[in-house]
Amino acid sequence: MEGGSNSSSERFILMGLSDHPQLEMIFFIIILFSYMLTLVGNSTIILLSRLDARLHTPMYFFLSNLSSLDLAFTTSSVPQMLINLWGPDKSISYGGCVTQLYVFLWLGATECILLVVMAFDRYVAVCRPLHYTTIMNPRLCWLLAAMSWLGGLGNSVIQSTFTLQLPFCGHRRVDNFLCEVPAMIKLACGDTSLNEAVLNGVCTFFTAVPLSIILISYCFIAQAVLKIRSVEGRRKAFNTCLSHLVVVFLFYGSAIYGYLLPAKSSNQDQGKFISLFYSVVTPMVNPLIYTLRNKEVKGSLRRLLGKGREAG
């Protein structure tokens, strides 16, 4: 099966836990439960951001974008994982694999950029509070969100298309839970050094560079927070920023491990579980992190539930 001549009738085999079949049902239950939590948690944040006028701010606009992204991110991979874990059929159509490759990389790259945008929003809120509403106006917020989504899409189109040009020579066993670039490079039978170089270069740009920008911005934020005289003000700023930093380290840590290590030399089982982590665990814990440490979200949820009980 050569790169450019793959037939739409061909099917790939997603190996997943084929080496450990006794774990498949356990993982099916864990992933299903995590997926349900992801759907409920992220849908709740989107709903609250739309319904509660108090949350009509740039921070929650970007947070609802992150939740929408996480919903799409998990839905692009988890249903297929569950199907493969449930029964003996581990296959995915060529078209399904290609779609998953493009969509998964698009959304992953978009999250890299969006987390930088969210760090910029926190920087302006903490370091330039008097100019916050002027700087973070609706037009700029929509522009930054659009740049995140389109930037991720551009990365996916280039990198996924480049990966699909590799010769697979009839190899159809993808030793992963999903079709993603590192797994597809491992599948190739030809020289993949150029692909690995491109992968490392692009991923450095989308992970190491944004992470550096975020860390630098938080150095300025930390300096500004320490100057806040109000204890309550410091606590609120600290909790909001800490939630974002936890999400940043969870996502970037797993993405750097999964994409920046040499594709053919990294431990395969570790690579599979890292893929599982950033495709299942991270989107699940994001809304929990933001909700548990955020009084505004918890207050909005209580008000919405209170209205529901009154209506009942």
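## Helix 3 and the exposed tryptophan

Trp-86 belongs to helix 3, which covers residues 78-86, in a model that is predicted. With a relative accessible area of 58%, Trp-86 is exposed, because an exposed residue is one with over 50%. Together with Met-25 and Ile-29, Trp-86 makes a nonpolar surface patch of about 350 Å².

Helix 3 also contains Asn-84, and this residue, at a relative accessible area of 5%, is buried. When neighbours within four places in sequence are set aside, the contacts of Asn-84 are Leu-14, Asp-89, Lys-90 and Ser-91. Two of these partners, Leu-14 and Ser-91, return in the description of the sheet, where Leu-14 stands opposite Val-174 and Ser-91 is the bridge partner of Ile-13.

## A three-stranded sheet

The model has an open sheet of three strands, whose order is 2-1-3 and whose pairing is mixed. Strand 2 and strand 3 are the edge strands, since each of them pairs on one side only. Strand 1 and strand 2 (residues 91-93) are antiparallel and share three bridges, and within this pairing Ile-13 has Ser-91 as its partner in strand 2. Strand 1 and strand 3 (residues 173-174), by contrast, run parallel and are joined by two bridges, with Leu-14 standing opposite Val-174 of strand 3.

The side chains of strand 1, residues 11-14, alternate between two faces. Phe-12 and Leu-14 point to one face and are buried, whereas Arg-11 and Ile-13 point to the other face and are not buried. Phe-12, on the buried face, is also among the contacts of Met-184, a residue taken up again with the nonpolar core.

## The largest nonpolar core

The largest nonpolar core has 84 residues, and the members that touch the most others are Ile-31, Phe-62, Met-184, Ile-214 and Tyr-252. Helix 4, residues 94-127, supplies the largest share of this core, with 17 residues.

Met-184 shows how distant stretches of the sequence meet around one side chain: apart from neighbours within four places in sequence, Met-184 is in contact with Phe-12, Cys-97, Leu-101, Thr-163, Phe-168, Val-174 and Cys-179. Among these contacts, Phe-12 lies in strand 1, and Val-174 is the residue of strand 3 that stands opposite Leu-14.

## A buried glutamine in helix 6

Gln-159 is found in helix 6, which spans residues 138-164. With a relative accessibility of 2%, Gln-159 counts as buried, because the cut-off for burial is under 20% relative accessible area. Leaving out neighbours within four places in sequence, the residues in contact with Gln-159 are Leu-105, Val-181, Leu-199, Val-202 and Cys-203. Between Gln-159 and Phe-73, which are 86 residues apart in sequence, the C-alpha to C-alpha distance is 17 Å.

## Salt bridges

Side chains of opposite charge can pair when their charged atoms come close. The structure holds three salt bridges. In one of them, the side chains of Lys-90 and Glu-24 meet at 3.0 Å, N to O. This pair links distant parts of the chain, 66 residues apart, with Lys-90 in the loop between helix 3 and strand 2 and Glu-24 in helix 1 (residues 24-51). Both Lys-90 and Glu-24 are buried, and Lys-90 is also one of the contacts of Asn-84 in the list for that residue.

Another salt bridge joins Asp-52 to Arg-54, with 3.7 Å between the closest N and O atoms. Here the two partners differ in burial, for Asp-52 is buried at a relative accessible area of 9%, whereas Arg-54, at 58% relative accessibility, counts as exposed. Asp-121 and Arg-122 also form a salt bridge, their closest N and O atoms being 2.9 Å apart. In this case Asp-121 counts as buried at 2% relative accessibility, and Arg-122 likewise counts as buried at 11%.

Methods: Residues are numbered from 1 along each chain as its sequence is written. This is a predicted model: local features need pLDDT of at least 70, side-chain atom pairs count only at pLDDT 80 or more; totals for chains, interfaces and linings use all residues. Side-chain values use heavy atoms; hydrogens and water are left out. A nonpolar core is a set of buried Ala, Val, Leu, Ile, Met, Phe, Trp, Tyr and Cys residues joined through side-chain atoms within 4.5 Å. Buried means under 20% relative accessible area, exposed over 50%, partly exposed in between (1.4 Å probe, protein chains only). Helices (H or I, at least four residues) and strands (E, at least two) are DSSP runs, numbered from the N terminus. Contact means heavy atoms within 4.5 Å. Two strands pair if DSSP finds at least two bridges between them. Patches are made of residues with over 30% relative accessible area and no salt bridge: like charges are joined within 9 Å, nonpolar side chains (Val, Leu, Ile, Met, Phe, Trp, Tyr) within 5 Å. Accessible areas come from the Shrake-Rupley method with a 1.4 Å probe; for residues, only the protein chains shown count as cover. A salt bridge is a side-chain nitrogen of Lys or Arg within 4 Å of a carboxyl oxygen of Asp or Glu.
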